[in-house]
Amino acid sequence: MRNRLKNPNALDIFGVRALPVAPPHFEYTELELKYNLETALGHWIRDNLKGRYYVGKSHNGTGSPCLKVGFEDGKELSFFNLACPHLRYK
């Protein structure tokens, strides 16, 4: 966890980092919706990544509920998929 006082992020200061709607130009991944996962992922992204992001509930192609996570920078999506401890692969 980086020190936010020593390394402030301008997007956080102006309140435009976590977006309330899913922009079409972001790159997305869909995850299984589990209890409290949305909040935990939001905290992990805020502490470990730099760019703008979206985390919200959605429906996948089959109509079942899922958690949609998107990033403006595709590199951050790749890092998120590899490094986030909240994602467990079977």
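Tutor: In this predicted model, a charge sits over a ring if NZ of Lys or CZ of Arg is within 6 Å of the ring centre and within 35 degrees of the ring normal.

Student: Which residue does Lys 68 lie over, and at what distance from the ring centre?

Tutor: Lys 68 belongs to the stretch 65-71, which is strand S3. Opposite Lys 68 stands Gly 56. The ring under Lys 68 is that of Tyr 28, and the distance from the ring centre is 4.4 Å.

Student: Is the pair of Tyr 28 and Tyr 54 stacked or edge-to-face?

Tutor: The ring centres of Tyr 28 and Tyr 54 are 6.5 Å apart. Planes over 60 degrees apart count as edge-to-face. The planes of Tyr 28 and Tyr 54 are at 80 degrees, so the pair is edge-to-face.

Student: Which of the two counts as buried, Tyr 28 or Tyr 54?

Tutor: Buried means under 20% relative accessible area. Tyr 28, with 25%, is partly exposed. At 10%, the residue that counts as buried is Tyr 54.

Student: How many bridges join strand S2 to S3?

Tutor: S3 runs antiparallel to strand S1 (residues 27-32), with six bridges between them. S2 and S3 form a hairpin with five residues between them. Strand S2 (residues 53-59) also runs antiparallel to S3, and the bridges joining them number seven.

Student: Is Ile 13 buried or exposed?

Tutor: Ile 13 lies in helix H1 (residues 10-13). With Phe 14 and Val 16, Ile 13 forms a nonpolar surface patch of about 340 Å² accessible area together. The cut-off for exposed is over 50%; at 59% relative accessible area, Ile 13 is exposed.

Key:
Residues are numbered from 1 along each chain as its sequence is written. This is a predicted model: local features need pLDDT of at least 70, side-chain atom pairs count only at pLDDT 80 or more; totals for chains, interfaces and linings use all residues. Side-chain values use heavy atoms; hydrogens and water are left out. Buried means under 20% relative accessible area, exposed over 50%, partly exposed in between (1.4 Å probe, protein chains only). Helices (H or I, at least four residues) and strands (E, at least two) are DSSP runs, numbered from the N terminus. Two strands pair if DSSP finds at least two bridges between them. Patches are made of residues with over 30% relative accessible area and no salt bridge: like charges are joined within 9 Å, nonpolar side chains (Val, Leu, Ile, Met, Phe, Trp, Tyr) within 5 Å. Accessible areas come from the Shrake-Rupley method with a 1.4 Å probe; for residues, only the protein chains shown count as cover. A salt bridge is a side-chain nitrogen of Lys or Arg within 4 Å of a carboxyl oxygen of Asp or Glu. Rings of Phe, Tyr and Trp (its six-membered ring) pair if their centres lie within 6.5 Å; planes under 30 degrees apart count as stacked, over 60 as edge-to-face and the rest as tilted.
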